[in-house]
Amino acid sequence: MAGVAAVRVASAADLREVPAVEEAADELFRQRGVLDLPVAAPADLRARAWRVLVVGRPVVGFAVLERVDGDVHLEQLSVHPSAMRRGLGAALLSASVDEARAAGARRVTLLTYADVPWNAPWYARHGWQVTDDLGPELEALAGHEVELGLTRHGRRVAMARPV
């Protein structure tokens with residue numbers, strides 16, 4: 001287990017494994033009736049992210065980080081359902097904060113569902129707080145989520161955690 005919890009920056013080979021993890025994790029949303037999520041981003045798209053962190057060999061969890069408004073933004077975090085409840089998501093969150101601190105960011109932000117148990121309530125247990133302090137880039141991302149129709153599945157919130 002100790003080896004599995006080691007978070008690392010994704011290699012090209014790791015990035016090829018990430019879409020399958022995302023697809024498996026999205027099954028939890030499908031079980032809630034959310035049948036129209038966007039397809040998992042391919043490896044070449046993930047490779048353009050500011051940073052992708054992964055855990056496991058093979059990869060069982062990942063965090064996609066971008067720079068937004070001078071902060072670090074957690075664009076996506078997924079853990080394969082077979083590897084959930086082992087602290088891997090928490091390890092990815094902690095590593096995300098460490099990356100933000102090293103980059104000189106003041107906080108890590110994210111956009112998520114307010115009422116899905118493994119979304120906002122889970123992030124809140126790990127130190128994130130709902131915020132309305134949105135810079136222009138984060139505001140644009142939130143607007144894009146509305147355009148994509150994500151809000152029809154529930155209320156979305158911005159959350160932040162200081163580094």
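I take a residue as buried under 20% relative accessible area, as exposed over 50%, and as partly exposed in between. The model I am reading is predicted.

**Backbone entries**

I looked up D69 in the loop between β3 and β4. Its relative accessibility is 25%, so I enter D69 as partly exposed. D69 is not a glycine, yet its phi is positive, at about 55 degrees.

I then turned to R85, which sits in the loop between β4 and α3. R85 also has a positive phi without being a glycine, with a value near 65 degrees. I enter R85 as exposed because its relative accessibility is 87%.

I checked the peptide bonds as well and noted that the one from R57 to P58 is cis, its omega being near 0 degrees. I located P58 in the loop between β2 and β3. I recorded these entries because most residues other than glycine have a negative phi, and most peptide bonds are trans.

**Core entries**

I traced the largest nonpolar core and found 26 residues in it. L74, L77, Y123 and W128 have the most contacts inside this core. Among the elements that each supply at least two of its residues, I noted β3 (61-68), β4 (71-79), β5 (107-113) and α4 (120-125). The element that gives the most is α3, with six residues.

I followed W128 further. Leaving aside residues up to four places away in sequence, I found that W128 touches L93, V97, V108, L110, Y123, M159, A160 and R161.

I also found a second, separate core, which has ten residues. L15, V54, V59 and F62 are among them.

Notes
Residues are numbered from 1 along each chain as its sequence is written. This is a predicted model: local features need pLDDT of at least 70, side-chain atom pairs count only at pLDDT 80 or more; totals for chains, interfaces and linings use all residues. Side-chain values use heavy atoms; hydrogens and water are left out. A nonpolar core is a set of buried Ala, Val, Leu, Ile, Met, Phe, Trp, Tyr and Cys residues joined through side-chain atoms within 4.5 Å. Buried means under 20% relative accessible area, exposed over 50%, partly exposed in between (1.4 Å probe, protein chains only). Helices (H or I, at least four residues) and strands (E, at least two) are DSSP runs, numbered from the N terminus. Contact means heavy atoms within 4.5 Å.
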